[in-house]
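User: I am new to this structure and would like a close look at one part of it. Please take me through the parallel sheet and what lies around its strands.

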Amino acid sequence: MENIILIASVFCLIIVVHGMENILADDIANRWNLDEFEFDEGGEVDDPLFWRSERGSKILVNVDSLGAVGDGIADDTQAFVNAWKQVCSTPKSVLLVPKGGRYLVNATRFKGPCADKLIIQIDGTIVAPDEPKDWDPKSPRNWIVFSNLKAVFFQGSGTIDGSGSKWWEESCKKNKTNPCKGAPSAFTIDSSSAVRVKGLTFQHSQQMNFVISRCEAVRVYNVLVSSPEDSPNTDGIHITGSTNVIIQNTKIGTGDDCISIVNGSSNIKMKMISCGPGHGISIGSLGKDNSTGIVSQVVVDNAFLRGTTNGLRIKTWQSGSGYVRSIRYQNVRMEDVANPIIIDQFYCDSPKSCDQSQTSAIEISQIMYRNISGTSKSAKAMNFACSDAVPCSHIVLNNINLERLDGTAETYCHAVTGFRYGYVLPSAECLSSSDKEPIITCDQEAEFKKHHSREQLIHTEL
Ligand SMILES: *[C@@H]1O[C@H](CO)[C@@H](O)[C@H](O)[C@H]1NC(C)=O
Ligand SMILES: *[C@@H]1O[C@H](CO)[C@@H](O)[C@H](O)[C@H]1NC(C)=O
Ligand SMILES: *[C@@H]1O[C@H](CO)[C@@H](O)[C@H](O)[C@H]1NC(C)=O
Ligand SMILES: *[C@@H]1O[C@H](CO)[C@@H](O)[C@H](O)[C@H]1NC(C)=O
Ligand SMILES: *[C@@H]1O[C@H](CO)[C@@H](O)[C@H](O)[C@H]1NC(C)=O
């Protein structure tokens, strides 16, 4: 009873007149702390000619000059390690992996802290040893790791190639007779801040292609990720324990999530993302083995997904604690996507079955979908599968048009509350509506009154 009163008072509704949708969406975004956030790019050095010139006074360390062969056969690990020692201790230096070379490098950790203004210019290809049997047992889950860096630029037209095909064949997801064991992530930036990654290609990773872990202020743009559709667990970009990350103008085709955002991540913004094949753009999974999962303030703006198994997905395991909050998806176009919009609080990616009747769950609230259109491969174009124990709340739909060729697209709802306004197809009757008129929650009322005269507001109680 207490709960009901609480919910009713927090979630009383205000109906607002026509023509205010933009103001409304922005207002909600403000309330959810989803303002545009940007950070200083750190200026200079886009142009390699700049640092080659005297003026740039950069110190160039070419891996070739330290004995790298670059024929894809010779082991160039030591040359890279030696080059790293030099650049890391020299201010304003550039580590150059030159164009045309194919550099075979073992599992290696390139550690900071380093001297200021380090640039890693990768124009050639860095390739991993392809034989899992020979993999360094001291680094079972990582190939290349950069850690403890501050203000570092990774850039160039080069490729990071994980040579993953033998790892994929050994995966239990590929062949059930294989034992389930992990494989390395190809490229990781860990415990670093003010990082920029520009122009690089990541491909054929053993498992995840590119991991951003425990970082602050990362900007990724013009990056390409490419691994086959049937390569297991090859997430494109995986973000964990990181804040203030922007991913822009990036094209990802892979065998798992194009982008996955997991625990301890907030202020993540993705703009101009192309995804497919792959499993879509995911928050989670979170809450496995009763763990705590927290993700907040995520924006996906301007994305195109084609032929993916999911579109915009939030996935949490039953039980677990924490929350997913303040998420905005907008201006997304999908073609032939199996689950375009999905919240799944019953996620279970385990060979054993999961107990789906737990009394705790990760709380999912304040999720806005706006201007999302395209075609759904499955009938459930929108799927809100939330837990009875901790229902999803404040789910907002505005201007959704998801069709299925045979006209059978529908919305599935379980334990979800929220509201919809504008055009919403398939209609989501589980959420409150007022036809074309936007509705906002009561806790935004005060804010709203500051900007709009009282006559514009018509109140209704829920
Ligand atoms: C790279 O790995 C191979 C195969 O395990 C090994 O023989 C070689 O010594 C390693 N190279 C370095 C520099 O550690
Ligand atoms: C699965 O692995 C087993 C054992 O390694 C092998 O005999 C079998 O041919 C594999 N199956 C497929 C479909 O690759
Ligand atoms: C998730 O992140 C929070 C804080 O960001 C941390 O306290 C918690 O231990 C993390 N959970 C897991 C499973 O790592
Ligand atoms: C998670 O918690 C539930 C309920 O408390 C318990 O039954 C289950 O064994 C726990 N699972 C793990 C992996 O700790
Ligand atoms: C809706 O999103 C599409 C991209 O999917 C974009 O082209 C279009 O301009 C957006 N419409 C509005 C009104 O913002």
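Analyst: A word on the source comes before the sheet. This is a predicted model. The protein has 6 helices and 34 strands. Of its 462 residues, 48% are buried. Take the contacts between residues at least 6 apart in sequence: 75% of them join residues at least 24 apart.

Now the sheet. It is open, has 11 strands and pairs them in parallel. The order runs S6-S9-S12-S15-S18-S20-S22-S24-S26-S28-S30. Which strands stand at the edges? They are S6 (108-111) and S30 (410-414). Each has a single partner strand, so one side of each is left without a neighbour in the sheet. On average, neighbouring strands are turned by 15° against each other, direction ignored.

Start inside the sheet with S20 and S22. S20 covers residues 259-261, and S22 covers residues 281-286. The two run parallel and are joined by 3 bridges. Ile-261 stands opposite Ile-283 in S22.

Ile-259 and Ile-281 belong to another part of the picture too. The largest nonpolar core has 110 residues. Among those with the most contacts inside it are Ile-259 and Ile-281, along with Ala-186, Ile-237 and Met-270. What does Ile-281 touch, leaving out residues up to four places away in sequence? Its contacts are Cys-258, Ile-259, Met-270, Ile-273, Cys-275, Val-300, Ala-303 and Leu-312.

The stretch leading into S22 has a feature of its own. Pro-277 lies in the loop between S21 (265-275) and S22. A cis peptide bond joins Gly-276 to Pro-277, with omega about -5°. A second cis bond runs from Leu-425 to Pro-426, where omega is near 0°. Pro-426 sits in the loop between S31 (416-425) and S32 (432-433). Most peptide bonds are trans.

Move along to S26 (341-347). Is this strand enclosed or open to the outside? Of its 7 residues, 6 are buried, so S26 is largely enclosed by the rest of the structure. On one pairing, 5 bridges join S26 to S24 (residues 312-317), and the two run parallel. Lys-315 stands opposite Asp-344 there. On the other, S26 pairs with S28 (residues 380-385) over 4 bridges, again in the parallel sense. The bridge partner of Ile-341 in S28 is Met-382.

After S26 comes a loop that leads to S27 (363-376), and Thr-359 is found in it. Thr-359 is exposed, because 10 other C-beta atoms lie within 10 Å. Val-390 is 31 residues away from Thr-359 along the chain, yet their C-alpha atoms are separated by 8.0 Å.

Two strands outside the sheet order deserve a look for their backbone. Most residues other than glycine have a negative phi. Gln-297 has a positive phi, near 55°. Gln-297 is in S23 (residues 292-306). Gln-297 counts as buried because 21 other C-beta atoms lie within 10 Å. Ala-194 also has a positive phi, near 50°. Ala-194 is in S13 (residues 193-198). With 19 C-beta neighbours inside 10 Å, Ala-194 counts as partly exposed, because the cut-off for buried is 20 or more.

Last, the ligands. Ligand 3 has Asn-263, Gly-264, Ser-291, Thr-292 and Ile-294 around it. By class, that shell has 1 nonpolar, 4 polar and no charged residues. Ligand 1 is surrounded by Asp-75, Thr-77, Gln-78, Asn-106, Pro-129 and Asp-134. Its shell has 1 nonpolar, 3 polar and 2 charged residues.

Note on methods:
Residues are numbered from 1 along each chain as its sequence is written. Chains are lettered from A and ligands numbered from 1 in the order in which they are written. This is a predicted model: local features need pLDDT of at least 70, side-chain atom pairs count only at pLDDT 80 or more; totals for chains, interfaces and linings use all residues. A residue is near a molecule or strand if its C-beta atom, placed from the backbone, lies within 6 Å of it. Ala, Val, Leu, Ile, Met, Phe, Trp, Tyr, Cys and Pro count as nonpolar, Asp, Glu, Lys and Arg as charged, and the others, Gly among them, as polar. A residue is buried if 20 or more other C-beta atoms lie within 10 Å of its own, exposed if 12 or fewer, and partly exposed in between; C-beta atoms are placed from the backbone. Two residues are in contact if their C-beta atoms, placed from the backbone, lie within 7 Å. A nonpolar core is a set of buried Ala, Val, Leu, Ile, Met, Phe, Trp, Tyr and Cys residues joined through C-beta atoms within 7 Å. Two strands pair if DSSP finds at least two bridges between them. Axes are lines fitted to C-alpha atoms, for helices over the stretch in contact, and angles run from 0 to 180 degrees between N-to-C directions.
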